[in-house]
Each structure stands twice: as C-alpha cells, then as structure tokens.
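Biologist: Can you pull the model up? I'd like to go through the chains and then the contact between them.

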Amino acid sequence: MAYTREVLTLAVEIGEMMLRNGAEIYRTEDTLKRILEAYQIEQFDVYVLSNGIFASANEGSSDACSMVRQVPFGDVNLGRIASINQLTRDICSEVCSPAQARKRLEECVKETPYPLWLILLCCGLGSAGFCYLFGGNLTDCLVTVPIGMLERALLLFLTRQKTSKSLTNVICSASAALMSSLVIGTGLALHPDKIIIGAIMQLFPGIALTTSIRDFYNGDYLSGTIHLIDALLTALCISVGVCLSILLIRYLGGGVIRL
Amino acid sequence: MILIETLISFGATICFAVLFSAPKKELPFCGCTGALGWLVYEALVQDGVSKVLASMAATAALTILARCFAVIRQNPVTVYLLTGIFSLVPGAGLYYTTYYLFIGDRYQLAVKGLETFEIAGAIVFGIIFGFALPQRLFHRLRRGD
C-alpha cells in the first residue's frame, strides 16, 4: 500500500471513530490535520461534517488519493474518545508508526465496556438522583430506581432490534411515564411528576445540545444545525411519549389515577 | 441541605458518566463538574437569582472546571463537559411543558415553555462564556502540576 494512502486511511479511520463516538467537528478536523502533518503529508484537505468525512492528500502528485466516509450517529462513548486522544498525542510526538497506530486503534475498539448490570444499576441510581434533585422525596427515589433500570433495558433491547431512534425515544419515555403512573395507582409514592422527570433524564438530549452549541461556537454551522435538530427532535419524541401514556392512563383509569 | 444535594448531584453525574462509557479513572472528575454545576445553580437560586441567570452562571462555572480538568488530566474537555451538564439541562421544564400542553392549560404552558427555552438559551451562553476564556490561562495549570 502506498504510504500516502496508508496514512490517509489511518487518519480517516481515526476521524470516523471520533465522530461516531460523539466528538465535536472542530476537534475531529483538527486531529486529522495533526495526524497528516505528523506523518509528513505536505498537501491535504480535510472537511468534516457531523455525518461524514471528506479528505484528500497530495492531489497534485502521482500518489494522490482521496476518501469519503459516511458516519451514522452512534452511541456516545467517552472512553474511546479519550483513548483516541491519547493515541493522537503519541502520533504527533512521533513515537508511533502508521502500522503501530493502526494496531492501537483496533485495540481502542476492543476495550471492554462497562458490564450490563453496572450500566443498568447506574441508570437506576442516576434516575433516582435526578428525581431527588428535582424535588422528589425518598420514596419517590426508591421507586425511580427500578423504573430507570427497566427503561434502560427496554432502550437497549429496542436499539438492538434496530428500531428507529425517534420511535425508541417515544416508546421509552411512554413506558417510563406509564410505569410511574402505575406506581401512583398503588398509592406508594406521591409525586408522579418527579418520578417521570427522573426517569426521562437519561433520554434527554443533553449531549446533542452541548455538541451543537460547541459546533456553532467553532463556526461549524451546518453540523451545529444537524445536532440541534437532533436534540429538538429527541425532546419532541420524549414529549410525545409522555403525552401518549398520560392519555392512556386517563382513558383506562377513568379519572381514578390523577397525573 | 444544599450539601446533600451537591453530593447527590455528584453521584448522579457519575452514574450518567458510566452510561456514556467515560473512562474509569475520570469518573470522580466528571462527578465534580456535575456537583459544581449544581452547587452554583442552587446557591444562586436560593439567593434569589432567577433560574435562567443561575443556569448560565452554573454552566459557565462547570465549563471552566471541565476545561481545567481537561488540561490537568490530558483528556478531551468533552469527557467532563458532556457528563457534567446533565444536572443542569431543563428536563423538568420539558416535562411540565408537555404536561400543560396536554391538559390544555395555556397560561402555564406559556410560562413553562418559555422558561425551558430560556434555560436552554442560558446554557448555550454559559458554555460560550466558558469557552471564551483563552486557552493560555489553562496551560498555566499544567506547569503547576
């Protein structure tokens, strides 16, 4: 494989991994440029969007090559972003050949994620924490733990079934609100609103919103707009889900359960 | 009271950081950004400052802390910022807006909807202010480390 091609492939793959795991545009573009510079590619152009990477190197010479990657939205994985950051740092301080870098990139992908039970537990505890912060009492928090866990399990299941993101959000927020109102029906807890807020916090598009702001701040208006629309749509889906379940409860409960 | 809430915010932020697969070593730092955000927000609100202004100040404080951690720990600022911001995003506002929209209380809908929008805007400006500080200031932290 020609050197230029090898380096460009490596750079684009690193960029793809960053985008997929939730890095912002400016940082991805900057990383690509730094890698290409570190490997002494003299002439190159890089253009990154929230869903794609366009890159070319040495266009004027005989080993010219260019690459396009389509990058769908993925799950945010901050651990990978951090380890790629470290990898880039090593590449730029020139202690890492392209072949070695590729090997380390593959290792980054393989890094063991947190076990499922821990993720579920954290989801439950986190939801309970937010339920408390937004004014729930201790009973409300205790009730929120299983609701948050079940909701996460449902979310993971739907994602694995490749259900569309909007539908997943609608179903998850609807089920969270439904479970909360069922608990209210039993008379155990008192603040359905706080429980629902705690439970929908994990669906809230905080990451899309923050990334969008940072893209706008760095002048990447197109990607910022894409992330902003993503955030607004997610918020809308959560709203729709909550509405649906309130509707259902009203209809079935016949006014017995008040939300 | 505010201390307990800050502690809970610390814990909740760590829990959510796990959901986004933050590196294990960085979890306490993520928790700190979340806790600081909540501390500033709650202290200002209890002091009579409006929710919107408090959100902005808290986000700015949180962003600056995230940038400090990023320099000291040599990690992307994203790791600390994305996880820390969760204690400030207007999740409650979103719920109440939906609720009042649904039951048809237009007055409350306008109040809550506007408030949610304003808080989101305040978070935007908070982050922008936090990033407006020049990176040079943060590099000094490394030398002291």
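Modeller: Here is the model; we can take the chains, the sheet and the interface in turn.

Biologist: What kind of model is it?

Modeller: It is a predicted model.

Biologist: OK. How many helices and strands in chain A?

Modeller: Chain A has ten helices and three strands. Starting at the N terminus, its order is α-α-β-β-β-α-α-α-α-α-α-α-α.

Biologist: And what box do the C-alpha atoms of chain A fill?

Modeller: Along the principal axes, roughly 75 × 30 × 30 Å.

Biologist: Same two things for chain B: how many helices and strands, and what box?

Modeller: Chain B has seven helices and zero strands, so to speak α-α-α-α-α-α-α along the sequence. Its C-alpha atoms take up a box of roughly 55 × 30 × 25 Å along the principal axes.

Biologist: Back to chain A. What is the strand order in the sheet, and is it open or closed?

Modeller: It is an open sheet of three strands in chain A, ordered 1-2-3, and the pairing is antiparallel. Strand 1 (44-49) and strand 3 (65-70) of chain A are the edge strands, each pairing on one side only. On average, neighbouring strands in this sheet are turned by 5 degrees against each other, with direction ignored.

Biologist: How many bridges join strand 1 to strand 2 of chain A?

Modeller: Six, with strand 2 covering residues 52-57 of chain A and the two strands running antiparallel. They form a hairpin with two residues between them.

Biologist: Which residues in strand 2 of chain A do A:Leu49 and A:Phe44 face?

Modeller: A:Leu49 has A:Gly52 as its bridge partner, and A:Phe44 stands opposite A:Ala57.

Biologist: Which helices pack on that sheet?

Modeller: Helix 1 (residues 3-20) of chain A does, touching strand 1, strand 2 and strand 3 of chain A. The direction of helix 1 makes about 20 degrees with that of strand 3 of chain A. Helix 2 (residues 25-38) of chain A also packs on the sheet, where it touches strand 1 and strand 2 of chain A. The direction of helix 2 makes about 160 degrees with that of strand 1 of chain A.

Biologist: Switching to charges. How many salt bridges over all chains?

Modeller: The count is eleven salt bridges over all chains. One of them is A:Arg69 with A:Glu13, whose closest N and O atoms are 3.9 Å apart.

Biologist: What does that pair tie together?

Modeller: A:Arg69 is in strand 3 of chain A and A:Glu13 is in helix 1 of chain A, so the pair links parts that are 56 residues apart in sequence.

Biologist: Now the interface. How many residues does each chain put into the contact?

Modeller: Chain B gives 45 residues and chain A gives 51 residues. The area buried between chain B and chain A is about 4600 Å², and carbon and sulfur atoms give 76% of that.

Biologist: Which helices of chain B supply the side that touches chain A?

Modeller: Helix 1 (2-19), helix 2 (27-46), helix 4 (77-84), helix 5 (91-103) and helix 6 (106-132) of chain B each supply at least two residues.

Biologist: And how many of the chain B residues on that side are nonpolar, polar or charged?

Modeller: The side of chain B that touches chain A has 34 nonpolar, nine polar and two charged residues.

Biologist: How many salt bridges and polar contacts between chain B and chain A?

Modeller: There are zero salt bridges between chain B and chain A. For polar contact, the count between chain B and chain A is eleven residue pairs, both residues at pLDDT 80 or more.

Definitions and conventions: Residues numbered from 1 in each chain as written. Chains lettered and ligands numbered in written order. Predicted model: local features only at pLDDT ≥ 70, side-chain atom pairs only at ≥ 80, totals over all residues. Heavy atoms only, no water. Contact = heavy atoms within 4.5 Å. Buried area = accessible area lost by both parts, 1.4 Å probe. Salt bridge = Lys/Arg side-chain N within 4 Å of Asp/Glu carboxyl O. Polar contact = N/O pair within 3.5 Å; in protein donor to acceptor, adjacent residues only side chain to side chain. Helix = DSSP H or I, 4+ residues; strand = E, 2+ residues; numbered from the N terminus. Nonpolar A, V, L, I, M, F, W, Y, C, P; charged D, E, K, R; others polar. Pairing = 2+ DSSP bridges. Axes fitted to C-alpha atoms, helices over the stretch in contact; angles between N-to-C directions.
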